[in-house]
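Q: Please examine one part of this model closely: the salt bridges and the residues that form them. A connected account, set beside the sheet of the other chain, would be welcome.

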Amino acid sequence: MAIPLADQLKMYKNMLLIRRFEEGVAEAYADGLIGGFTHLYIGQEAVAGGAIASLNHDDYAIGTYRVHAHALCRGTSPRRLMAELYGRTDGICKGKGGSMHFFDNEHYFMGGYGIVGGHLPIAAGLGLGIHMRSEDRVVMAFLGDGASNQGVFHESMNFAKLWDLPIIFVVENNFYGIATDVRVSSAFNEIHRKAQGYGMPGHVVNGMDVIAVREACDEVVSYVRQGSGPVLLEARCYRYQGHSMTDPARYRSQAEADLWRKRDPIPRLAKQLLAQDVEQERLDGFQTEVNEIVADSMQFAEASPRPGPEALYEDLYAENYGG
Amino acid sequence: MAEMRYYQAVTQAIQEEMARDEDVFIFGEDVGLVGGTFRATEGLMAEFGARRVRDTPIAEAAIVGLAIGSALTGMRPIAELMTMNFGIVAMDQIINHASKMRYMFGGQINLPLVIRAPGGGWTQKAAQHSHAIESWFMNTPGIRVVIPSTPYDVKGLLKTAIRSDDPVLFIEHEILYNTKGEVPEEEYLLPFGVADIKRPGRDVTIIAWSKMLHEALKAADILAAEGIEAEVVDPRTLDPLDYNTIVSSVARTRRCVVAEEGWRNVGVGAELAARLQEDLFYDLDAPILRVASADVPTPYAANLEKQALPNAQKIVDQILKITL
Ligand SMILES: Cc1ncc(C[n+]2csc(CCOP(=O)(O)OP(=O)(O)O)c2C)c(N)n1
Ligand SMILES: [Mg+2]
């Protein structure tokens with residue numbers, strides 16, 4: 001139990017922020033302020049909350065279309081993320097990307113991608129760049145259980161190990177790819193053991209326990225940073241909501257959902273913090289603080305202007321030749 | 001006649017063909033247990049069982065490849081891709097394999113397979129989920145491209161696609177799944193390569209399909225109020241293309257606008273305009289114009305998306321340029 005209390009508190013606050021942010025997103029979506037495909041992360045907070053805490057500021061993170069949490073944990077401003085969701089000029093991608101496509105160069109958050117598995121070779125490429133430049137950095141690539149059946153997942157794993165690239169593949173196994181149970185889609189569903197096929201270490205961790213995730217990630221990140229090659233970490237977790245805002249998730253039983261909600265990572269850490277003599281008022285204070293941050297981000301987003309018509313053709317190429 | 005939704009016409013066509021022919025089967029992501037992301041395969045697993053209605057992993061390249069391989073053995077697979085955007089992952093199997101094999105192997109084989117997928121964007125799905133890329137496949141010899149706009153066309157054309165001995169890409173549209181239309185109670189099939197004049201008119205021809213067909217009909221209504229009678233031609237299949245119906249319509253109206261959801265640059269409209277001017281250069285009263293998506297990745301912000309995508313008003317604006 002080597003995680004300092006200050007770090008635990010920070011992770012606690014991050015998880016609260018993720019959850020409140022996502023609740024705010026759901027409200028704004030219901031009000032028609034956010035459109036498109038919007039995938040919530042509620043329930044999985046311990047994964048991004050614990051894993052990203054193991055990274056240095058200049059390590060890279062990259063993820064899927066379910067990445068609100070990952071960007072928040074990297075330190076991207078909630079205001080700019082919310083403005084992105086509202087499709088406004090102050091959005092982190094100027095309103096061009098939306099929920100699935102957050103990206104923040106300044107915080108080395110290398111993006112959210114909408115094509116399942118599409119970002120994995122890009123993650124390997126980040127690792128290759130680090131390797132070529134002899135930098136002291138690592139890549140943390142997040143993916144889902146479903147993505148581990150895509151061809152590019154396997155191609156990327158092979159490359160990563162073949163060239164011993166500094167990558168941590170974090171599989172967020174929430175047991176479903178949209179409506180499809182992992183047991184229906186994966187011939188072998190001990191996902192962490194898929195790493196063995198490439199001679200890569202594979203571990204599994206309780207993704208509903210932020211401390212466990214953090215400890216596991218501290219270990220694998222330092223292993224990867226030493227130049228020992230890539231690692232795969234499977235974090236078992238659960239998304240409480242449907243796959244996206246329009247999915248009522250009728251394919252899952254109430255009993256199953258209830259069981260997972262009992263393992264909620266936020267009260268779990270709260271209990272551990274109280275046992276370490278942190279006062280309840282302090283935890284309540286965090287809640288008030290994140291509520292304010294999210295309310296402020298929503299006000300900021302609503303006040304931000306929509307992109308003007310000239311924005312349509314901006315940012316397509318780095319160099320323009322007219323015509 | 002019964003009124004039904006576009007997605008139900010998909011289901012009915014598949015249901016009838018699966019009941020008719022044991023070799024027809026379907027697989028894809030979430031097609032079985034939950035009946036498809038857009039409900040288009042609802043009830044099929046219950047009726048035909050998990051052997052003939054199969055849920056798959058997320059692995060589009062393999063999904064199409066498995067369709068090809070099983071077609072080689074004499075099966076008649078229907079592979080569903082959740083959307084065309086994900087079909088891009090399967091491009092190698094579609095372009096390098098399915099489209100090439102019959103010709104490349106000297107006509108020894110048939111590939112009776114159907115790849116179904118909804119194309120198109122709208123509703124702020126952003127750059128990676130807004131592909132109307134039928135032109136890519138029209139540019140590829142060896143694969144049929146079917147792109148229906150109404151429940152009636154869906155049902156008749158999908159049944160033909162399933163009975164076809166060639167690979168067929170059957171492009172549906174996410175926004176159309178819930179639209180309604182009349183469909184006969186009795187069985188019918190619609191032939192490939194026969195365009196449908198969805199609205200007759202004398203002043204200008206609008207060529208449009210899929211979601212844009214409906215925008216074209218709206219545009220025709222608006223124009224009618226101005227005294228301009230637009231003829232709306234729906235090719236329904238882009239390969240084979242019923243060029244005769246198109247060229248004779250334009251020969252009559254002497255003006256033409258092609259309205260498509262895909263990008264304008266080297267789109268279907270470019271091909272049609274090129275062919276039409278070859279044949280009708282001296283009969284045209286105006287240049288052939290195109291209404292299409294702006295040549296940028298589809299942006300998320302609602303106002304930018306609206307600016308980027310074609311719609312009825314943009315068709316009207318173009319037509320007013322050549323008719324006033
Ligand atoms: C190539 C591709 N195929 C299909 C889809 C549609 N789709 C979006 S998310 C998803 C499920 C992914 O499941 P998983 O990898 O477990 O991630 P999760 O959504 O559970 O976080 C699917 C099939 C897609 N976006 N890209
Ligand atoms: Mg999953």
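**Salt bridges and their setting**

A: B:Lys155 is buried in this predicted model, since its relative accessible area of 1% lies under the 20% limit. This lysine forms a salt bridge with B:Glu16, and the closest N and O atoms of the pair are 2.6 Å apart. The contact links distant parts of chain B: B:Lys155 belongs to helix α8 (residues 151-163), B:Glu16 belongs to helix α1 (residues 6-20), and 139 residues separate them. Both residues also take part in a network of salt bridges, whose other members are B:Glu17, B:Arg20, B:Lys159, B:Arg163 and B:Glu187.

A second pair in chain B joins B:Arg252 to B:Glu231, with the closest N and O atoms 3.0 Å apart. Here too, distant parts of the chain are linked: B:Arg252 lies in helix α10 (residues 243-253) and B:Glu231 in strand β11 (residues 230-234), 21 residues apart. The two partners fall into separate accessibility classes. B:Glu231 counts as buried because its relative accessibility is 2%, under the 20% limit. B:Arg252, at 48%, counts as partly exposed because this value lies between the limits of 20% and 50%.

A third pair is formed by B:Glu42 and B:Arg39, whose closest N and O atoms are 2.8 Å apart. B:Glu42 is partly exposed, at 34% relative accessibility. B:Arg39 is likewise partly exposed, with a relative accessible area of 40%. Over all chains, the structure holds 44 salt bridges.

The sheet of chain A supplies the wider setting requested. In chain A, 6 strands form an open sheet with parallel pairing, in the order β2-β1-β3-β4-β8-β7. Its edge strands are β2 (109-112) and β7 (202-206), each of which pairs on one side only. From one strand to the next, the twist averages 15 degrees. Helix α8 (residues 210-225) of chain A packs on this sheet and touches β3, β4, β7 and β8 (231-236). The direction of this helix makes about 160 degrees with that of β7(A).

Within the sheet, strand β3 (residues 139-144) of chain A runs parallel to strand β4 (residues 167-173) of chain A, and 6 bridges join the two. A:Ala141 stands opposite A:Phe169 in β4(A). Strands of a sheet pair through backbone hydrogen bonds, in either a parallel or an antiparallel manner.

Technical notes
Residues are numbered from 1 along each chain as its sequence is written. Chains are lettered from A and ligands numbered from 1 in the order in which they are written. This is a predicted model: local features need pLDDT of at least 70, side-chain atom pairs count only at pLDDT 80 or more; totals for chains, interfaces and linings use all residues. Side-chain values use heavy atoms; hydrogens and water are left out. Two strands pair if DSSP finds at least two bridges between them. Helices (H or I, at least four residues) and strands (E, at least two) are DSSP runs, numbered from the N terminus. Axes are lines fitted to C-alpha atoms, for helices over the stretch in contact, and angles run from 0 to 180 degrees between N-to-C directions. Contact means heavy atoms within 4.5 Å. A salt bridge is a side-chain nitrogen of Lys or Arg within 4 Å of a carboxyl oxygen of Asp or Glu. Buried means under 20% relative accessible area, exposed over 50%, partly exposed in between (1.4 Å probe, protein chains only).
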